[in-house]
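Reader: I should like to examine this model with attention to confidence, sheets, cysteines and charged pairs. Please set out the conventions before the answers.

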Amino acid sequence: MLHNLHVKNLALIEEAEVDFSGGLNILSGETGAGKSIIIGSIGVAIGEKVSKDMIRKDADYALVELVFSVGAKVRKKLEAMDILMEDDQVILTRRISGGRSVAKINSESVSAAKLKQAASLLIDIHGQHEHQSLLDEKNHLQILDAYAKKELRHLKEQLSVAYQDYTSIRQECRNAALDTEQRARELSFLQYEADEIADAALTLGEDEELETQYRRFANGKQIMGSIGKVYELASENGAAGMTGHAVLEIAKISAYDEKVAQLEGQLMEIDNLLNDFNRELAGYMDDTDFDEARFYEIEKRLDLINGLKAKYGSSIAKILSEYEKKLERIEKLSDYDAYLAGLQQRLAQKEADLKVLCQKVSDIRKKEASKLTKKIKAALIDLNFLDVQFALNLTQKKEYSQSGYDDAEFLISTNPGEPLKSLTKVASGGELSRIMLAIKAVLADCDEIGTLIFDEIDTGISGRTAQKVSEKMNVISKEHQILCITHLPQIAAMADSHFLIEKQAKNNQTQTKIRKLNEPESITELGRMLGGVKITDTVLKSAKEMKDLAVATKNSQSEKKGSRHTKVE
């Protein structure tokens with residue numbers, strides 16, 4: 001059940017907060033007061049698309065928050081979605097800023113898809129024009145499957161997998177339709193590619209080992225080149241030779257001057273150090289072996305492997321995997337007739353498996369369709385379709401689909417003596433609205449969704465029919481929380497909680513507000529809905545009588561329901 005709605009900076013709403021109750025929550029107000037904004041804000045919170053233009057002027061962000069309580073079954077499903085549940089409360093939050101939105105469930109950020117999935121377990125919104133979906137026959141089968149979902153769930157999962165297998169093999173059969181010349185060309189090219197991989201004699205991990213050796217050899221070549229140049233500069237032909245000549249020359253004069261003798265000693269130390277350095281350098285060069293031929297082999301092998309990677313995969317494992325696929329394809333093309341025969345045999349088996357599942361699903365649909373149409377007919381009679389006949393025609397399509405091979409079409413007759421005709425051809429706008437309400441009422445009985453929203457479900461109806469719709473709303477509200485936007489006083493009078501949506505001007509800005517009405521205020525609002533601009537005492541008296549009649553009707557329906565339960569017990 002939806003307990004609380006908090007909206008901030010959305011369209012004409014600066015900030016609004018409302019606590020809803022169980023049963024039938026009615027939202028009414030003048031045309032243009034912003035009723036659609038309230039329902040729209042709930043839509044925003046459950047993941048519907050929203051533009052940055054929805055953010056209130058001069059505000060940096062918009063925020064919508066919904067607080068629900070859930071039962072054990074729904075809680076278990078939410079936990080299966082890895083949604084954190086500390087108690088039986090669920091808080092959906094969506095914040096829109098600068099064209100971006102952040103969605104949270106119980107303070108944990110979630111994707112838009114996950115938000116929608118979770119919200120689908122909590123609330124169902126029936127918009128002003130949703131009844132028009134009944135004009136599309138493909139939705140008729142979806143309604144039947146929604147009614148029979150407990151019986152169909154596992155079978156439809158199997159059916160989906162079987163259909164995917166069937167279509168995959170069917171596509172393979174279509175791709176296999178090659179003529180002799182095409183097959184020969186493909187076989188020749190495949191053999192060339194397979195031979196190219198086989199001739200390379202690849203081993204797993206070989207490329208990584210070769211790259212390690214290559215880096216070592218590449219650096220070794222650079223080291224030996226530099227070492228050789230250093231030795232050339234420091235050896236007898238370079239610095240060592242020159243310091244040797246310098247020692248001989250200074251020795252000729254060192255006996256004549258003590259200072260020169262000291263310099264001779266320093267020069268001899270330099271000469272000795274340089275000779276020691278050259279001996280160690282020569283030893284390093286003798287100990288270090290750079291194999292130019294081996295380096296070339298490694299470089300050439302890596303070029304080969306990298307070329308194969310560019311053609312067949314980014315690793316040796318992927319190249320070898322492609323090799324196996326090519327061998328498999330070569331085998332098929334080499335014995336093509338046997339391959340085609342095997343493929344056709346597999347396709348026939350998959351089609352047989354799919355057909356069995358389609359038949360099982362169809363049998364359940366036929367059985368459940370009878371139950372569904374009886375319930376919808378009863379609901380339609382409650383909604384003032386007094387002589388209605390209602391049926392669901394199931395036919396078999398030529399092609400399979402992920403939903404089976406059934407086509408479904410609702411048929412209706414609203415007048416005595418008239419034959420059943422397609423719902424898409426005979427129902428008016430107001431009739432479609434009531435038919436959708438009847439369907440929603442029936443589906444609600446087998447659904448665990450706690451909150452249903454009806455946005456102007458009363459489009460195109462009035463008088464006695466409006467009264468019947470209000471009574472049906474009251475019946476549904478005994479098992480589900482309902483939020484209903486209406487412009488009809490007959491429906492508003494049935495409210496368990498009545499909310500007024502109105503516009504107010506503040507600081508030269510228009511704001512939409514929502515508040516809960518007490519009983520006198522509710523009667524006044526009913527008077528406005530009955531009498532228009534001027535609410536006279538007579539209008540108020542009529543509104544009071546309408547409210548009293550609604551209370552009596554609700555009590556009567558409760559007594560009937562209690563009586564039925566007693567008989568069952």
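The exchange below takes these topics in turn.

Author: This is a predicted model, in which local features need pLDDT of at least 70 and side-chain atom pairs count only at pLDDT 80 or more, while totals for chains, interfaces and linings use all residues. Residues are numbered from 1 along each chain as its sequence is written, and side-chain values use heavy atoms, with hydrogens and water left out.

Reader: What is the mean pLDDT of the protein chain?

Author: The term pLDDT denotes the predictor's confidence in each residue, from 0 to 100. Of the residues in the protein chain, 94% reach 70 or more, and the mean pLDDT is 86.

Reader: Over which residues does pLDDT stay under 50?

Author: Where pLDDT is low, the predicted coordinates should not be read in detail. Contact means heavy atoms within 4.5 Å. The stretch in question has 0 contacts beyond four places in sequence, and it covers residues 565–569.

Reader: In what order do the strands of the mixed sheet run?

Author: Strands (E, at least two residues) and helices (H or I, at least four) are DSSP runs, numbered from the N terminus, and two strands pair if DSSP finds at least two bridges between them. The edges are strand 8 (123–126) and strand 15 (509–516), each of which pairs on one side only. Neighbouring strands are turned by 20° against each other on average, direction ignored. The sheet is open, with 6 strands in the order 8-12-13-3-14-15.

Reader: Which residue of strand 14 is the bridge partner of Ser28?

Author: Strand 3 (residues 24–28) pairs with strand 14 (residues 497–506) in the parallel sense, over 4 bridges. Within this pairing, the partner of Ser28 is Leu500.

Reader: At what angle does helix 17 run to strand 14?

Author: Axes are lines fitted to C-alpha atoms, for helices over the stretch in contact, and angles run from 0 to 180 degrees between N-to-C directions. Helix 17 (residues 519–531) lies across strand 3, strand 14 and strand 15. Its angle to strand 14 is about 75°.

Reader: What is the strand order in the antiparallel sheet?

Author: This open sheet has strand 2 (13–19) and strand 7 (108–110) at its edges, each pairing on one side only. The twist averages 15° from one strand to the next. The 6 strands are arranged in the order 2-1-4-5-6-7.

Reader: Which residue in strand 4 is the bridge partner of Lys8?

Author: Strand 1 (residues 2–10) and strand 4 (residues 62–69) pair in the antiparallel sense over 6 bridges. In strand 4, Lys8 is partnered by Leu63.

Reader: Which strands does helix 1 lie across?

Author: Helix 1 (residues 35–45) runs at about 100° to strand 1. The strands it lies across are strand 1, strand 2, strand 4 and strand 5 (89–97).

Reader: How many disulfides are there?

Author: A disulfide is a pair of cysteine sulfur atoms within 2.5 Å. The cysteine sulfur closest to that of Cys358 belongs to Cys173 and is 18 Å away, so the two are too far apart for a bond. Cys358 itself counts as buried at 1% relative accessibility, where buried means under 20% relative accessible area, exposed over 50% and partly exposed in between (1.4 Å probe, protein chains only). The count of disulfides is 0.

Reader: How far apart are the closest N and O atoms of Glu79 and Arg75?

Author: A salt bridge is a side-chain nitrogen of Lys or Arg within 4 Å of a carboxyl oxygen of Asp or Glu. The two residues are 4 apart in helix 2 (residues 72–80), which means about one helical turn between them. Glu79 is partly exposed at 36% relative accessibility, and Arg75 is partly exposed at 21%. In their salt bridge, the closest N and O atoms are separated by 3.0 Å.

Reader: Which residue forms a salt bridge with Asp124?

Author: Asp124 is partly exposed, at 23% relative accessible area, whereas its partner counts as buried at 12%. Asp124 lies in strand 8 and the partner in helix 14 (residues 429–445), so the pair ties together parts that are 316 residues apart in sequence. The closest N and O atoms are 2.8 Å apart, and the partner is Lys440.

Reader: How many salt bridges does a search of the whole structure find?

Author: One of them joins Glu249 and Lys252 at 3.6 Å, N to O. Glu249 is partly exposed at 49%, and Lys252 is exposed at 55%. Salt bridges with shared partners also link Asp145, Lys156, Arg365 and Asp406 into one network. For the whole structure, the number of salt bridges is 26.
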